[in-house]
Amino acid sequence: MKTIRQMLRQPLKFISGIIVVSLAISILGICLGQSIAANKTEATLEYHFTTIALPTTKYNYSESYFTDFEGNKIPYLSWSQTLPEEIAEWISNTIQTRTDLVEGLATPGLASAYISEINPDNLTHHRYFYPFEGEQEATAPHSLEAQPTYSCAMLEMELLEIGEPVGTIFKGVLEDGTEMSITTEVSVELIGIVKGVISLEEGYADPTGRTIYLTLVLPDVESLDALQLEPGERYLVYGSDYLDGDWTLRGHISRSLSSKLGTNINLEELDADSFYYYTEEEVESLTQLNPHARYFATYTYGDCTVDVWKWQMKNQDAVFLTARDETLLGAYERIEYSDGSGGYPSINWEHWITDESGNAVQVTQEVYSKLYSIPTIAHLEGSVEDFLQSESGQLWTSQLDLMEVNFHAFPVIGVDKLGYVADFARETARIVAGRDFTQEELTSGAKVCIISETIAAANGLSVGDTISPHFYNYDWNSPYQGFISESEGVVNPSAYAYTQHTEFEGEAESYVIIGLYRQDNAWGDVSENLYSFTPNTIFVPHASVSSDMDYGNQAFFQTLILKNGMIEEFRTLVNEAGYEDLYVYYDQEYTTISDSLENYREVAQRAMQVGVIVYGIILVLFLFLFPGSQRKVLSTMNAMGTHRRYKVAQVVMTSAGILVPGAVIGTMAGMLLWQRVINALAESVGTAVTLEVDIVTLIMVALGQLALALILTVLLALPMTRDKGIAKRM
């Protein structure tokens, strides 16, 4: 209190001291604070901006020829699934050795989770796509099977027609050189009417009353005869490859119209009354003009017409069901199953599976078939409910349980950074609500997720809500699933099928939704984007997933990450190697922003240096005028025999009485002047830089200089309060 009264006796000096200190704090806070903020902004840019290089298809093509009906050689570009070996080796060596240019390959993992409380968006099922010539970001063409988790169907039908059995012949050569020919399966086409839906993913229209076409594949004719199929009877059918032909037809027409008109035509705009079906006479006449066409109908949209070929439409309802029990087992052969009543291929194939201990063991075709037997067709004498409750319906009931999981299965992508996903890096996908993952969340494996706004809207979810994914491990022996590690399904990756041998990993976990994303071309033509993913995709931190994950080796699962700002250097490296246009590059205009920030950072550094010098001068002036002017008071206290610690406290308290209010006022002044000073500095170099007022930085600078000034005051007070030193001065 005495110290304050002493200071108030000299109000002019007291106020002048506060002004000097405030000026020093505001100058130091602005100059040092904006430099710190500029460095933080640059570091933030490095994290949020990603530079990627995506391979084009240029070197996947080579010139080939085919011979037409007249014997002429017609040149065409042949597609190879992989790059030439020399280019692949060069890419590998570049990634490994040029760490000054390349960060590495981003390899997100695919997990699958059952989320009972939400439904997927099952708008479409693309069946096939092929890459286009040119700078199309592609790694390989694929024929996409319908998504196994959403394309299963169990229906009740009335059988109308049974086609003739067709055998599949396997030809080979035995070890002794003898040629062999074996019928390994038979298939028969069935036509029926859907009488009811037992289980079908809700994205499809109800097919009740429509005609269905089934291809029933069985091991041999005896298995077919054992089923005793009869027209007019009711049957329960299960298929793992359901396709809504009406949607497929309208999708074809929509794409054709959009291509001709140059604008997108929604499927909902198409009208069934706009079809014109050719008469037999018209088909014959048109076929004479073009023997290779399959004329059937045309669709008219305004002044534009689209041809509809017969292979695209079996009848006007155009609803198909392929209820076949088939799959590709590795690269060996097709294996088929009946409805579990017996009968297997006459040839005893051997199959490799992984047992519970993780060892690879061989089993026979019969053992393998029993492990993965699924229902196909069963005669109904009473109601469906009675059949499902019977002993014969156990396999069907079990399949219904699997279908329930698969209909709510979601592909979950574990990422080390969302910006490493190609579509986010090139900004064809973006977060439109909420935020991105933080580095801490990615490192620690926090239970947070980012979902599509499509899924959020359909299920009434928003940022801040939680979902409960129940991850399941994979049945790596499953014949119903192509794995991305085997180059299957790398476009629009889907959840893996849950089978009778699949196991859940622990309990369902709660993930907080922190962001919603939107895609420019969700459910678009995948031939236009080989890095596409569906709106069903959920992104999580890689480290948060404890279940099995699969890792692909192309397209969506392989993004080459360059160091920011190194596109031109990398492009030069590629061109000098002779592989011009091997890549296309995306950096989210990082170069423009980083150049702008670099210009500002240079002027900010100079401003910081000036600010520190000015602050130093003012601090020295303060120490001279205030702590240094306490000699007379100290002399009096010395004459009175005052203890030294009280003399030091006198110097420090007097200085603090000016330093503390000066620091508060200076910090407030810095906040008010911050943006004006930054704008002036940016304008001086013609740069647009956005640095928000960093209050925490200003406060930390103020506290830091306050601590420094007080420490210097103490250091100055110590020699001033020595008894010998005071006596000499007197």
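These are my notebook entries on a predicted model of a protein.

**Entry 1: the whole chain**

I began with the overall make-up. I counted 18 helices and 31 strands in the protein. Of its 730 residues, 49% are buried. I then looked at contacts with a separation of 6 or more, and residues 24 or more positions apart account for 77% of them. For the surface, I noted about 36000 Å² exposed, with carbon and sulfur atoms supplying 53% of it.

**Entry 2: a nonpolar patch**

Next I asked which residues make the nonpolar surface patch of about 470 Å². I found I695, V696, I699, M700 and L703 there. I picked V696 for a second look and placed it in helix α17, which covers residues 695-720. Is V696 buried or exposed? Its relative accessible area is 57%, and since the cut-off for exposed is over 50%, V696 counts as exposed.

**Entry 3: helix α3**

I moved on to α3, residues 85-97, and checked its length. At 1.5 Å a residue, its 13 residues should span 18 Å, and the end C-alpha atoms are indeed 18 Å apart. Then I listed the buried residues of α3: I87, W90, I91 and T94. Seen down the helix axis, these buried residues fall within an arc of 100°, so they line one face of α3. A reminder to myself: an α-helix has 3.6 residues a turn, so residues three or four places apart point the same way.

What sits on the face of α3 turned away from the buried side? I found the exposed residues E85, Q96 and T97 there. I also wanted to know what covers the buried residues of α3. The cover includes the strand β4 (102-106), the helix α13 (567-576) and the strand β31 (583-586).

**Entry 4: N575 in α13**

Having met α13 as part of the cover over α3, I stopped at one of its residues, N575. With a relative accessibility of 34%, N575 counts as partly exposed, because that class runs between the 20% limit for buried and the 50% limit for exposed. I set aside the neighbours within four places in sequence and looked for other partners; N575 is in contact with E580 and D581.

**Entry 5: helix α9**

Last, I looked up α9, residues 394-406. This helix has 13 residues and reaches 19 Å from its first C-alpha to its last, close to the 18 Å expected at 1.5 Å a residue. Which residues of α9 are buried? I wrote down W396, Q399, L400, L402, M403, V405 and N406.

How values were computed. Residues are numbered from 1 along each chain as its sequence is written. This is a predicted model: local features need pLDDT of at least 70, side-chain atom pairs count only at pLDDT 80 or more; totals for chains, interfaces and linings use all residues. Side-chain values use heavy atoms; hydrogens and water are left out. Helices (H or I, at least four residues) and strands (E, at least two) are DSSP runs, numbered from the N terminus. Buried means under 20% relative accessible area, exposed over 50%, partly exposed in between (1.4 Å probe, protein chains only). Contact means heavy atoms within 4.5 Å. Accessible areas come from the Shrake-Rupley method with a 1.4 Å probe; for residues, only the protein chains shown count as cover. Patches are made of residues with over 30% relative accessible area and no salt bridge: like charges are joined within 9 Å, nonpolar side chains (Val, Leu, Ile, Met, Phe, Trp, Tyr) within 5 Å. A salt bridge is a side-chain nitrogen of Lys or Arg within 4 Å of a carboxyl oxygen of Asp or Glu. The expected span of a helix is 1.5 Å times one less than its number of residues. The arc is that of the directions from the helix axis to the C-beta atoms.
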